[in-house]
2 protein chains.
Amino acid sequence: MKNDYEKQLRDAGVRITRPRRVILDILSQTDGHPDALEIFKRAVEVDNSISLSTVYRTMKLLEEQGAIHRHAFDGGPSRFEQAGNQHHDHLIDMETGDVIEFHSEMIEKLQEEIARSLGYEIIHHRFELYGRKLKK
Amino acid sequence: MKNDYEKQLRDAGVRITRPRRVILDILSQTDGHPDALEIFKRAVEVDNSISLSTVYRTMKLLEEQGAIHRHAFDGGPSRFEQAGNQHHDHLIDMETGDVIEFHSEMIEKLQEEIARSLGYEIIHHRFELYGRKLKK
DNA sequence: ATGCATGCAAAAAATTTGCAAAACG
DNA sequence: CGTTTTGCAAATTTTTTGCATGCAT
């Protein structure tokens, strides 16, 4: 997928600077869930003047713009992924750290129902399964 | 609820020291979801020689023993609650920070199904709703 | 007694911030 | 050209750890 967030962000009044473009490119070329440090390391390979602060600042900005999602899986640092794909939840393989994405319409519906019955409207949610691969 | 983890822990070979007893008492007198610092502050009121390190070490120990659950709600520090009550998930009021507990058998079943269909066995899961109170 | 637990201070890990200089539109 | 953004270093926040001493069993 091409990095076509650029126009979208520009329209939202976000300046597209060199560091931001580098980070956006990295995000659109990745389908994993890298943390800030990983993004930083890859960014430095492209432009060695980029700083870790800028990565953090950019992640916050992109999150506010809805361009990425931030995850905080058990313990570790925040990990990011581009938004825009269809919504999904995560299953984390506790042995390998692998992240498997899944989607359940049923779950989505249920949580709406639960929230409504408690008198709430959902802004966002986290649904993470932590498991171990079954031997067949 | 009385602090009756003591016997249970003792049987598991865990030494019951003064700091640990103080912390266990605090946990059993609380039905919120305090973080380490809050527990530390309350502990100091009972015994001013307790250190924050010990609180952290004790929380890790109790977690391993299954006596408490650790939560990492969006952003903030780890927050703890005693285990032993029936399993439940959390809805976090984004305006007040209040934590509302709920339980859905349907959700429990669904996640088992999802994990199984992906070839996994669930060790634990996190299901958190972040929402805003509906005005009626 | 003897090993495990504690307090303290220092280290680590993750993230944020102040500020002067540089870059964007 | 006026703002916004950046890099850097330093500060914060949360948590962990090394080590000498103290306490539980």
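# Two chains, two DNA strands

User: Which residues come closest to DNA strand D, and what makes a residue count as near this strand?

Analyst: The closest are A:Thr17, A:Ser49, A:Thr54, A:Arg57 and B:Tyr56. They belong to a set of 21 residues that surround DNA strand D. A residue counts as near because one of its heavy atoms lies within 4 Å of the strand. Sugar and phosphate account for 68% of the atoms of DNA strand D that come within 4 Å of the protein. Keep in mind that this is a predicted model.

User: What makes the approach of A:Ile50 to DNA strand D a polar contact?

Analyst: The cut-off is 3.5 Å between N or O atoms. A backbone N or O atom of A:Ile50 lies 3.4 Å from a phosphate oxygen of the strand. That value is within the cut-off, so the pair qualifies. Chain B supplies such pairs too. In B:Arg10, a side-chain N or O atom is 3.1 Å from a phosphate oxygen of DNA strand D. B:Arg57 reaches a base instead: an N or O atom of its side chain is 3.4 Å from a base oxygen.

User: Which elements give two or more residues to the surface near DNA strand D?

Analyst: From chain A come α2 (18–28) and α4 (52–64), and from chain B comes α4 (52–64). The most comes from α4(B), with five residues. By class, this surface holds six nonpolar, eight polar and seven charged residues.

User: Which residues come nearest to DNA strand C, and how many surround this strand?

Analyst: There are 22 residues around DNA strand C. A:Tyr56, B:Thr17, B:Ser49, B:Thr54 and B:Arg57 come nearest. Of the strand's atoms within 4 Å of the protein, 63% belong to sugar or phosphate, and the rest to bases.

User: How do you know that B:Ser53 makes a polar contact with DNA strand C?

Analyst: A side-chain N or O atom of B:Ser53 is 3.3 Å from a base nitrogen of DNA strand C. The limit is 3.5 Å, so this pair passes. Phosphate oxygens are reached as well. A polar side-chain atom of A:Ser78 lies 3.1 Å from one. For the side chain of B:Thr17, the distance is 2.9 Å.

User: Which element gives the most to the surface near DNA strand C?

Analyst: That is α4(A), with five residues. Along with α4 of chain A, both α2 (18–28) and α4 of chain B each supply at least two residues. The surface near DNA strand C has six nonpolar, eight polar and eight charged residues.

User: Why are the two copies described as related by a two-fold rotation axis?

Analyst: Two copies of a chain are related by a rotation about an axis and a shift along it. Here the rotation is 180° and the shift is 0.0 Å. Chain A then superposes on chain B with an RMSD of 0.0 Å. The copies are thus related as by a two-fold axis. In chain A, the C-alpha nearest the axis is that of A:Phe127, 2.2 Å from it.

User: How do you know that the copies meet through the same surface?

Analyst: Compare the interface residues. Of those in chain A, 100% are also interface residues in chain B, so the surface is the same.

User: Why is the crossing of α2(A) and α3(A) called right-handed?

Analyst: The name goes to a crossing where the near helix is turned clockwise from the far one, so handedness follows from the direction of that turn. The crossing of α2(A) and α3(A) is assigned to this right-handed class. The helices pack at an angle of about 120°, with their axes 10 Å apart. On the α2(A) side, the contact includes A:Val22 and A:Ile26; on the α3(A) side, it includes A:Ile39 and A:Ala43. The contact has seven nonpolar, no polar and two charged residues.

User: How many helices and strands are there in chain A?

Analyst: Chain A has five helices and five strands. Along the sequence, the pattern is α-α-α-α-β-β-β-β-α-β. The C-alpha atoms fill a box of roughly 45 × 40 × 25 Å along the principal axes.

Definitions and conventions:
Residues numbered from 1 in each chain as written. Chains lettered and ligands numbered in written order. Predicted model: local features only at pLDDT ≥ 70, side-chain atom pairs only at ≥ 80, totals over all residues. Heavy atoms only, no water. Least-squares fit on C-alpha atoms with pLDDT ≥ 70 in both. Contact = heavy atoms within 4.5 Å. Polar contact = N/O pair within 3.5 Å; in protein donor to acceptor, adjacent residues only side chain to side chain. Helix = DSSP H or I, 4+ residues; strand = E, 2+ residues; numbered from the N terminus. Nonpolar A, V, L, I, M, F, W, Y, C, P; charged D, E, K, R; others polar. Axes fitted to C-alpha atoms, helices over the stretch in contact; angles between N-to-C directions.
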